[in-house]
Amino acid sequence: MKLVDVLRLRLTDPVLEVIWDEMLAGWGTASDEERSMLRGWVRRKRDDFLAFAAECVDEEELEQYAALQYIELRAHWQGINNRLNYAMVTAGSTDPRLVYRSALMSQLLGALEGVLDPASVSRIMTFLSEPIVVRRRDEEAAA
Amino acid sequence: MSFFDPQILSQLPAASREFANAQPFGIVKVTDDGTVQMYNTWEAEMAGVAPRDAEGKNFFTQVAPCTNNRLVFGKFKDGVARGSLDAEFNYTFTYRMKPTNVVLRLVRDPKSKSNWVLVGKKN
């Protein structure tokens, strides 16, 4: 099976949509419009990626692009996760829109992760978890 | 007021899996680098991760990557480096699970040099 077909299969799996809907249903304080906007936001992220995947005829290019998309989503998710949790720690509460955005995005990440080579995922996660450590160590060594 | 009986802290170093599984909150025992040694059933059910899938992996980077930041993993690493760790704070888990508000307690027992992540649901 071609990578584009695997991606389409995984990312448009009805189970993913069900999980998104179940998560959004748990957002008790939201209006239907807020839920719909967030659902549309995460779907657009997926659909934009799949649109390029459909156009890309080079398998290796697509593999690289899928990894780049994973990096972009993962970095975005990490930023949202940190933002919502800094608010939790400092103020004791956080913006529910961030909470549900983070949760929906993490499911999309999980679906994409299942398509990528595990060694590549591990390498990406290691880099994204400590992107500036090398610089700090260099600075310490130079001091 | 904490989400568990403070006396539990003194029992943690000798805690068996049966003891941990009997508690109404999450108990995760980790090595100094964060590798999970014990993951109790409450935590497994809350996170949707089976103990066999969590044990042997790094809690902060692989099992609960939403804790891989200075707020949690940084605090943990600083505490391990100091040889002293006892911190409790509010947190929200969202990674591939229903968003859940929790209280996290990071503890190190200096005598046994064992580390614990305790997780309680926040009402």
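This report walks through a predicted model, starting with chain A and moving on to chain B and the place where the chains touch.

## Chain A at a glance

Let's begin with the overall build of chain A. It has seven helices and zero strands, so its elements, read from the N terminus, run α-α-α-α-α-α-α. Along the principal axes, its C-alpha atoms fill a box of roughly 55 × 45 × 20 Å.

How many of the residues of chain A count as buried? Of its 143 residues, the share is 23%. Contacts in this chain often link distant parts of the sequence: among those between residues at least 6 apart, 72% join residues at least 24 apart.

## Helix α2: two sides to compare

Helix α2 of chain A covers residues 14–25. Its twelve residues should span 16 Å at 1.5 Å a residue, and the end C-alpha atoms are indeed 16 Å apart, which agrees.

Which residues of α2(A) are buried? They are A:Ile19, A:Trp20 and A:Met23. Viewed down the helix axis, the buried residues fall within an arc of 100°, so they line one face of the helix. On the other side, A:Pro14, A:Val18, A:Asp21, A:Glu22 and A:Ala25 are exposed. The cover over the buried residues of α2(A) includes α3 (32–55) and α5 of chain A.

## Helix α4: an exposed starting residue

Helix α4 of chain A takes in residues 59–91, and A:Glu59 belongs to it. Is A:Glu59 buried or exposed? A residue counts as exposed if 12 or fewer other C-beta atoms lie within 10 Å of its own. A:Glu59 has 11, so it is exposed.

This residue also shows how the chain brings separate stretches of sequence together. A:Glu59 and A:Leu3 are 56 residues apart in sequence, while their C-alpha atoms are 6.8 Å apart in space.

## Helix α5 and the nonpolar core

Helix α5 of chain A is mostly covered, with 13 of its 18 residues buried. At 1.5 Å a residue, those 18 residues should span 26 Å; the end C-alpha atoms are 25 Å apart, which agrees.

In soluble globular proteins, nonpolar side chains tend to be buried together. Here the largest nonpolar core has 52 residues, and those with the most contacts inside it are A:Leu104, B:Val28, B:Phe59, B:Ala64 and B:Val117. Helix α5 of chain A (residues 96–113) gives the largest share of this core, nine residues. Over in chain B, B:Ala64 touches B:Ala47, B:Phe59, B:Phe93 and B:Tyr95, leaving aside residues up to four places away in sequence.

## Paired strands in chain B

Chain B contains strands that pair up. Strand β1 (residues 26–30) and strand β5 (residues 114–121) run antiparallel and are joined by five bridges. B:Val28 stands opposite B:Val117 in β5(B), and both of these residues are named above among the core residues with the most contacts.

Strand β5(B) also pairs with strand β4 (residues 100–109) of chain B, through eight bridges and again antiparallel. One of the partnerships is B:Arg108 with B:Asn115 in β5(B). β4(B) and β5(B) form a hairpin with four residues between them, and in the turn B:Lys113 has a positive phi of about 55°.

## Where the chains touch

Now for the meeting of the chains: 14 residues of chain B are in contact with 20 residues of chain A. Strand β3 of chain B (residues 86–93) supplies the largest share of the side of chain B that touches chain A, four residues. What kinds of residues make up that side of chain B? They divide into six nonpolar, six polar and two charged.

Definitions and conventions:
Residues are numbered from 1 along each chain as its sequence is written. Chains are lettered from A and ligands numbered from 1 in the order in which they are written. This is a predicted model: local features need pLDDT of at least 70, side-chain atom pairs count only at pLDDT 80 or more; totals for chains, interfaces and linings use all residues. Helices (H or I, at least four residues) and strands (E, at least two) are DSSP runs, numbered from the N terminus. A residue is buried if 20 or more other C-beta atoms lie within 10 Å of its own, exposed if 12 or fewer, and partly exposed in between; C-beta atoms are placed from the backbone. Two residues are in contact if their C-beta atoms, placed from the backbone, lie within 7 Å. A nonpolar core is a set of buried Ala, Val, Leu, Ile, Met, Phe, Trp, Tyr and Cys residues joined through C-beta atoms within 7 Å. Ala, Val, Leu, Ile, Met, Phe, Trp, Tyr, Cys and Pro count as nonpolar, Asp, Glu, Lys and Arg as charged, and the others, Gly among them, as polar. Two strands pair if DSSP finds at least two bridges between them. The expected span of a helix is 1.5 Å times one less than its number of residues. The arc is that of the directions from the helix axis to the C-beta atoms.
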